[in-house]
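Here are some questions and answers on pockets and helices, meant to be read beside the model.

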Amino acid sequence: MAKLYVNPKVKKGHINPELQGHFSEHLGRCIYEGLYVGEDSDIPNENGMRKDVVEALKEIQVPVLRWPGGCFADEYHWKDGIGPKEKRKKMINTHWGGVVEDNSFGTHEFMELCRQLGCKTYINGNLGSGTVQEMSEWVEYMTFDGVSPMADLRKENGHEEPWKVDYFGVGNENWGCGGNMRPEFYGDMYRRYQTYVRSYNSKQPVSKIACGANADDYHWTDKVLEATFDNGNGFMNGLSLHYYTLPTGDWSKKGSALEFDDKSWYRTLKATLKMETLIKRHSAIMDQYDPEKKIGMVIDEWGTWYDVEPGTNPGFLYQQNTMRDALVAGINLNLFNKNCDRVKMANIAQMVNVLQSVILTEGEKMVKTPTWHVFSLYKAHQDGELVESSIETQAVGVEKEYEIPDLSESVSLGKDGKLHVTLTNASLTEDKEIEGVFAETDIKSVKAMILTNEMHAHNTFENPDTVHTAEFEKITVSGSKVKFTIPACSVMHVEVEI
């Protein structure tokens, strides 16, 4: 039996809703066909946005959406995506698939999508191939409520009132596709560009996010902060981090999303657990410059990355989504919660039809992936208070090299006054009996939901509900203790009324 210890009296930090954020890039069928089908489509839509997809995303309470990239962001020129659609420039998306980008989804469409979702906006600006003036004018176009060339242009294009830009990323992956820069150079460029990302409304300031490291590039984090932190001023509200889970660790042959063995299962989850090391080590560097943790770590690209599905465009990064991905999502979301003192936003890559997406579409059809169901289980954490918790674990795996802890957890006190416990069991073979001990707590009642199936289980357009959540009733309560058994290959949410 594994002991789960929870002390609701000890608060460890606030869990921003943005920890369950999402990312949409002009890549493959994420935006076009996935989110946006156009006003004239036969697929039911509202102002061009797919109604079925929007409703599914609203169900999981998407808190923030990042756009337009990704690598696409540092080749995106925002003026190409405004005005009458028939006059917008067409271009080849050289990063992703070599297809024509007609710019029919631009700033106005993104803001409309966020309006329908009821989520915050995260715009990624073009530092790699764009000018300071271009970035400055984009912010003015979106947010200035007054008389100016850009505000007037926005009004001419049909939107009288300014929008709210909650977050603005100054470049993306500038160590790679965003310009192949050295960190010292990017740090100076960031200082320059962010100067003109102005908050025109003091009551609605724009939070500025600097381009952070690729996985374990700790040198990048240190040198960017050194370049921006003279006199204790970092000019930033967030510093990004990108890390993808690769089953093989080899970018040239990443492995299949559907065809994998037990060894690949544990290798994948071990690679996922590297996220904890990355958070701790990058945080330690950030602490040297920002000990008060005023700057948030923004993990705005994370998730699994496999070889594309056979027969699909290699540049579209379309992959299926199994219970393995559900465990990856559950483990990561628990890690983000438990490090919420520093991690303030995280954005899974990507929202629809790309990499570890929460939704897949094909024409009029739509399915919710196992990862969608994990976000549904975890949404009760949003805006909660992390409370002290720990769980006893045992090593599981098929080889010593790829052994991992069987269990992960996080616990929050929700706005509803209830405790929310999320658990994962990564073992493929062993159910685990749990005894939860809640210090100085009288438990009134519990209820739980579970996502479980065999490791390859996934949802298809023919069988969209193979993997789904279900009520879990085999829990006993006695005073301040609960007992239950979490099955192998499971993600679980337990709601505790106190």
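Q: What is the volume of the largest pocket, and how many residues line the largest pocket?
A: In this predicted model, the residues nearest the centre of the largest pocket are N214, Y244, L246, W251 and W305. They belong to a lining of 27 residues. The volume of the largest pocket is about 470 Å³.

Q: Which class, nonpolar, polar or charged, has 15 residues in the lining of the largest pocket?
A: Strand β11 (238–245) and helix α7 (262–289) each supply at least two residues of this lining. By class, six lining residues are polar and six are charged. The class with 15 residues is nonpolar.

Q: Which element gives the most to the lining of the second largest pocket?
A: The second largest pocket holds about 320 Å³ of space. Its lining has 18 residues, and E276, L335, L407, S408 and E409 are the closest to its centre. Two or more lining residues come from each of α7, α8 (323–338), β18 (404–405) and β19 (407–413). With four residues, the element that gives the most is α8.

Q: How many residues of each class, nonpolar, polar and charged, are in the lining of the second largest pocket?
A: The classes here are counted over the residues that line the second largest pocket. Polar and charged residues number five each, and the nonpolar residues number eight.

Q: How far does helix α5 reach from its first C-alpha to its last?
A: Helix α5 covers residues 183–194, which is twelve residues. At 1.5 Å a residue, the expected reach is 16 Å. The reach in the model is close to that, at 16 Å.

Q: Within what arc do the buried residues of α5 fall?
A: The buried residues of α5 are P183, Y186, G187, M189, Y190, Y193 and Q194. Seen down the helix axis, they line one face of α5, because they fall within an arc of 170°.

Q: Which elements are included in what covers the buried residues of α5?
A: The residues to be covered include Y186, Y190 and Y193. Both helices and strands are included in the cover. They are α3 (132–143), β9 (167–170), β10 (207–214) and α6 (218–228).

Q: Why is helix α2 described as largely enclosed by the rest of the structure?
A: Buried means under 20% relative accessible area. In α2 (residues 107–117), the buried residues include H108, F110, M111 and L113. The helix is largely enclosed because ten of its eleven residues are buried.

Q: Which residue follows α2?
A: The residue after this helix has a positive phi, near 70°. That residue is G118.

Note on methods
Residues numbered from 1 in each chain as written. Predicted model: local features only at pLDDT ≥ 70, side-chain atom pairs only at ≥ 80, totals over all residues. Heavy atoms only, no water. Expected span 1.5 Å × (residues − 1). Buried < 20%, exposed > 50% of the residue type's maximum accessible area, 1.4 Å probe, protein only. Arc of directions from axis to C-beta. Contact = heavy atoms within 4.5 Å. 1 Å grid on protein atoms, 1.4 Å probe; cavity = no way out; pocket = protein on both sides within 12 Å on 5 of 7 lines; lining within 4 Å. Points joined across faces, edges and corners; volume = space filled by probe spheres on them. Nonpolar A, V, L, I, M, F, W, Y, C, P; charged D, E, K, R; others polar.
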